[in-house]
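Trainee: I keep running into words like "cavity" and "edge strand" and I'd like to know what earns them. Can we go through one example together?

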Amino acid sequence: MPMPRRPIKPGTTVAARSLEPVFGGPVAVPDPDRLIHLQFRRFAGCPVCNLHLRSVVQRHTEIEAAGVREVVVFHSPAEELARHTADFPFAVIADPGKRLYAEFGVESSPRALLSPRAWGPIVLAILRGSRELARGREHAPAARQPGGRLGLPGDFLIAPDGRVVAARYGEHAYDQWSVNELLRLATRVPRSAATER
């Protein structure tokens with residue numbers, strides 16, 4: 001079995017670009033004034049993604065105070081994402097063609113759901129999601145997911161100069177940085193590489 005392609009690692013410089021979020025104006029990556037946490041998730045309404053992103057929503061003020069801007073990429077169309085992310089306080093990017101996924105080496109694999117390490121979070125996410133659906137607070141994901149359901153997460157912390165200061169390729173569906181890990185990584189970036197707003 002070939003090894004996964006993982007081209008982005010600490011020290012890699014990513015090309016400057018402007019991303020169009022589902023809501024709000026263009027997002028510059030890198031951001032000239034703060035760190036970017038570019039995180040790759042799966043599809044709109046993914047229960048496992050929502051479980052993680054709710055922790056990010058709850059601590060968003062703390063993340064921003066650490067000089068970090070959240071940018072979250074999904075491989076769903078913008079119109080589908082809009083139904084699921086309207087209350088997110090950070091930029092959400094639709095990448096249904098998976099161009100960014102390919103560029104950053106974020107892949108899909110059956111181990112996303114088959115790894116025993118993912119089973120606990122999957123059960124918790126389904127229980128939580130079912131409760132929120134019953135209360136009318138969330139929408140069910142579309143039955144058909146053109147980008148598939150087996151995506152693996154990816155996390156990248158990008159300095160204002162475009163240099164990747166930390167990267168993580170998930171080994172299963174719930175293998176990403178926690179908010180605590182993100183904040184710890186952000187505090188390790190020298191002041192010359194990241195400035196607070």
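Mentor: Sure. A cavity here is a set of grid points where a 1.4 Å probe fits but cannot get out. This is a predicted model, and searching the whole structure turns up two cavities of 30 Å³ or more.

Trainee: What makes the second largest cavity count in that search?

Mentor: Its volume is about 30 Å³, and the search takes cavities of 30 Å³ or more.

Trainee: Which residues line the second largest cavity, and how do they divide into nonpolar, polar and charged?

Mentor: The lining is Arg41, Arg42, Val48, Cys49, Pro153, Ala173 and Gln176. That gives four nonpolar, one polar and two charged residues. Val, Cys, Pro and Ala count as nonpolar and Arg as charged, so Gln falls among the polar ones.

Trainee: Now the sheet. Why do strands E5 and E7 stand at the edges?

Mentor: The open sheet runs E5-E4-E3-E6-E7, with mixed pairing. Strand E5 (91–94) and strand E7 (164–169) each have a single partner strand, so one side of each lacks a neighbour in the sheet. On average, neighbouring strands of this sheet are turned by 15° against each other, direction ignored.

Trainee: How do you know that E4 and E5 pair?

Mentor: Pairing takes at least two bridges. Strand E4 (residues 68–74) and E5 have four, in the parallel sense, so they qualify as a pair. As for Phe74, its bridge partner in E5 is Ala94.

Trainee: What packs on the sheet?

Mentor: Helix H1 (residues 47–58) does, touching strand E3 (35–40) and E4. The direction of H1 makes about 165° with that of E4.

Note on methods
Residues are numbered from 1 along each chain as its sequence is written. This is a predicted model: local features need pLDDT of at least 70, side-chain atom pairs count only at pLDDT 80 or more; totals for chains, interfaces and linings use all residues. Side-chain values use heavy atoms; hydrogens and water are left out. On a 1 Å grid over the protein atoms alone, a cavity is a set of points where a 1.4 Å probe fits but cannot get out, and a pocket is an open set with protein on both sides within 12 Å along at least five of seven lines; lining residues have an atom within 4 Å of a point. Grid points are joined across faces, edges and corners, and a volume is the space filled by probe spheres set on the points. Helices (H or I, at least four residues) and strands (E, at least two) are DSSP runs, numbered from the N terminus. Axes are lines fitted to C-alpha atoms, for helices over the stretch in contact, and angles run from 0 to 180 degrees between N-to-C directions. Contact means heavy atoms within 4.5 Å.
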